[in-house]
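Here are my notes for a first reading of this entry. Please keep the structure open while going through the points.

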2 protein chains.
Amino acid sequence: MPDTDAARVTPATLPIALDAMGGDHAPDEIVAGAVQAVREHDLRVVLVGAPHLLQEALARHDATTEIPIIRAEEALAMDEGALASLRRPRSSIAVACHLVRRGDAAAAVSAGSTAGIVATGKLRLRGQPGVLRPAIAVALPTLPTPTILLDAGANAEVKPEMLVQFAHLGTAYAETALRIDSPRVGLLTIGSEAEKGNKLVKRAHELLSAAPGLNFAGNVEGHDLLTGVVDVIVADGFTGNVALKTMEGSVRYAFAELRETIQNSRTARLGGLLQRKQIQRLYRRLDPEVHGGAVLLGLNGTVVIAHGASQARGVSAACVLADELARHGVVNRIGERLAASHRPHRLW
Amino acid sequence: MPDTDAARVTPATLPIALDAMGGDHAPDEIVAGAVQAVREHDLRVVLVGAPHLLQEALARHDATTEIPIIRAEEALAMDEGALASLRRPRSSIAVACHLVRRGDAAAAVSAGSTAGIVATGKLRLRGQPGVLRPAIAVALPTLPTPTILLDAGANAEVKPEMLVQFAHLGTAYAETALRIDSPRVGLLTIGSEAEKGNKLVKRAHELLSAAPGLNFAGNVEGHDLLTGVVDVIVADGFTGNVALKTMEGSVRYAFAELRETIQNSRTARLGGLLQRKQIQRLYRRLDPEVHGGAVLLGLNGTVVIAHGASQARGVSAACVLADELARHGVVNRIGERLAASHRPHRLW
């Protein structure tokens with residue numbers, strides 16, 4: 001491993017490796033997102049995918065000389081699962097991960113199938129030393145700073161010790177990309193008292209209470225996801241995924257019902273016109289596509305999973321997030337935290 | 001057990017036993033809710049609690065002759081858990097359940113602590129023959145008919161067989177109180193394919209696919225809670241509770257942010273005034289307090305758990321729901337379903 005300072009400086013000069021073939025709107029919207037990231041956010045991006053397609057798409061933005069292409073002739077289909085990552089060692093996401101592994105890219109970004117990205121990331125980048133299981137972290141749209149929820153779906157079945165590690169992964173995310181000091185960590189369960197929940201969270205509560213280096217704030221419940229009461233929310237990947245999708249669906253539902261309510265009445269419709277801009281801005285903030293995407297934490301390299309339905313805006317936000325994480329050294333911070341958590345004596 | 005037809009007719013003439021001492025706003029709002037239920041919905045209600053307090057509250061509504069009182073000198077505090085139900089055999093919720101048990105009330109309603117109500121209900125009414133675990137069912141505000149989610153929190157730890165029973169309990173609810181023919185049942189998990197999820201739901205998926213008498217529609221995800229894609233959503237009590245509270249919190253958050261957005265801009269504020277009524281109506285529909293409350297299914301009697309923060313409107317809605325369930329014989333329907341599910345040969 002390189003020494004910490006060097007590792008922290010290096011990524012800033014490295015490009016983001018963007019899988020141009022993954023996602024519902026690949027490659028056109030992915031390329032458009034790369035152009036946005038380069039022109040509006042001053043990032044360096046390399047596109048990974050089928051050169052002829054990407055050349056054409058770049059030409060439409062007059063960007064053929066701005067953004068390099070790395071060839072990958074294969075791609076994982078959106079409906080291909082974890083096994084495809086073994087069958088397709090030269091897929092665009094595999095090549096993007098490989099660039100990170102070799103030190104040629106700061107981070108990988110893909111809007112492809114989550115299962116495929118997780119499996120490929122694990123295979124190409126391997127877990128960091130001491131990490132029991134990599135986890136998917138998402139940033140929930142709380143203010144003033146987002147709340148990190150993890151695991152959002154990488155591990156349907158976990159052990160209590162893994163939830164403690166997830167707390168470290170999420171804390172490292174909040175410390176680096178969000179610059180939060182001593183992030184408060186909550187455990188997602190079904191009541192605020194320590195004894196509330198299933199066996200898994202009850203044991204995890206004990207471990208988290210005793211864990212050094214974590215600012216454990218106790219249990220949180222489903223209605224705390226968007227209140228910002230903690231900075232990091234820890235859950236097994238099953239519960240975290242259900243909670244995340246429930247949140248996204250509920251916000252979408254509330255806005256859809258609201259739109260219908262406004263359109264169904266003349267005075268309300270007039271009111272709706274007057275505030276359309278403000279409501280659109282709010283909706284964009286809550287829109288999962290613009291949060292920047294999910295991050296696969298615990299690997300020897302940063303991998304950002306953009307929403308499958310991402311358009312240019314979502315892709316560019318994912319590149320910005322990947323750059324933030326890499327530039328502030330989230331991988332090294334996780335390494336330091338896990339090393340420290342094992343140091344004085346093993347607590348679990 | 002009485003024969004089915006007689007049992008179905010009887011409850012209509014029986015009153016609802018309303019625990020007047022449970023809930024954040026007891027007894028005043030509970031009594032106000034009882035008055036609403038009697039005057040606006042033509043129900044029969046008896047109030048269970050401390051007579052002098054209830055007399056006073058009824059007098060304020062000129063209702064002392066309309067609504068009888070059954071004495072219960074004790075009450076479970078909102079922060080008392082399951083054990084309190086053993087310590088207080090004469091609590092208002094225990095007496096309400098006892099009235100149902102004796103055949104003097106059609107159903108019991110309480111806005112008290114959920115843990116206390118569940119424990120007291122199990123102790124006083126006992127589980128129905130063949131029921132492995134009673135479950136809490138909530139009606140989500142989908143249109144045109146609500147979607148039933150269960151278990152919403154009674155069992156943090158379950159076995160796959162219990163999820164199949166929850167499907168029967170929820171189906172009976174939808175068939176009776178909502179008059180839905182052959183309700184579609186979904187299994188809450190983290191992907192639409194059969195193999196997605198943790199061990200529990202994968203096994204439950206197999207059992208549900210083979211279960212006679214159920215209209216199993218396959219897996220659903222968190223974002224399906226409010227789309228009405230199925231009529232009944234089955235989950236363990238941990239996942240169900242997290243999902244329910246996440247949904248409630250997200251809807252509340254979306255509306256709060258919207259209110260702020262509207263108030264922060266002059267043109268938007270004007271628009272907001274023009275549509276205030278319509279938005280309030282929508283919010284009321286989505287407000288958990290007015291859904292009517294949660295139902296504890298699987299006992300020898302109907303118990304409705306109103307929201308702890310219920311005011312008169314929520315209490316009266318809970319009484320209406322209790323009456324619907326009792327009048328349409330949900331308890332007998334569950335008995336028939338479970339008997340039939342065991343009949344030709346044991347499938348699990």
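**Notes on the interface, symmetry and fold**

1. In this predicted model, 47 residues of chain A are in contact with 46 residues of chain B. Helix H9 (237–263), helix H10 (266–274) and helix H11 (276–286) of chain A each give at least two residues to the side of chain A that touches chain B. H9(A) supplies the largest share, 20 residues. Sorted by class, this side of chain A holds 23 nonpolar, 17 polar and seven charged residues.

2. Chain A superposes on chain B (RMSD 0.0 Å) after a rotation of 180° with 0.0 Å of shift along its axis. That is the relation of a two-fold axis. Both copies use the same surface: 98% of the contact residues of chain A recur in chain B.

3. In chain B, eleven strands form an open sheet with mixed pairing, in the order S3-S2-S1-S4-S11-S10-S5-S6-S9-S7-S8. Strand S3 (69–71) and strand S8 (215–220) of chain B are the edge strands, each pairing on one side only. On average, neighbouring strands of this sheet are turned by 25° against each other, direction ignored.

4. Within chain B, strand S5 (residues 135–140) and strand S10 (residues 294–297) pair in the antiparallel sense over three bridges. B:Ala135 has B:Leu297 in S10(B) as its bridge partner. Helix H6 (residues 114–125) of chain B packs on the sheet, touching strand S4 (107–110), S10 and strand S11 (302–305) of chain B. The direction of H6 makes about 175° with that of S11(B).

5. Is helix H7 of chain B enclosed or open? Of the 17 residues of H7(B), 15 are buried, so H7(B) is largely enclosed by the rest of the structure.

Technical notes
Residues are numbered from 1 along each chain as its sequence is written. Chains are lettered from A and ligands numbered from 1 in the order in which they are written. This is a predicted model: local features need pLDDT of at least 70, side-chain atom pairs count only at pLDDT 80 or more; totals for chains, interfaces and linings use all residues. Two residues are in contact if their C-beta atoms, placed from the backbone, lie within 7 Å. Helices (H or I, at least four residues) and strands (E, at least two) are DSSP runs, numbered from the N terminus. Ala, Val, Leu, Ile, Met, Phe, Trp, Tyr, Cys and Pro count as nonpolar, Asp, Glu, Lys and Arg as charged, and the others, Gly among them, as polar. Copies are superposed by least squares on the C-alpha atoms of residues with pLDDT of at least 70 in both. A residue is buried if 20 or more other C-beta atoms lie within 10 Å of its own, exposed if 12 or fewer, and partly exposed in between; C-beta atoms are placed from the backbone. Two strands pair if DSSP finds at least two bridges between them. Axes are lines fitted to C-alpha atoms, for helices over the stretch in contact, and angles run from 0 to 180 degrees between N-to-C directions.
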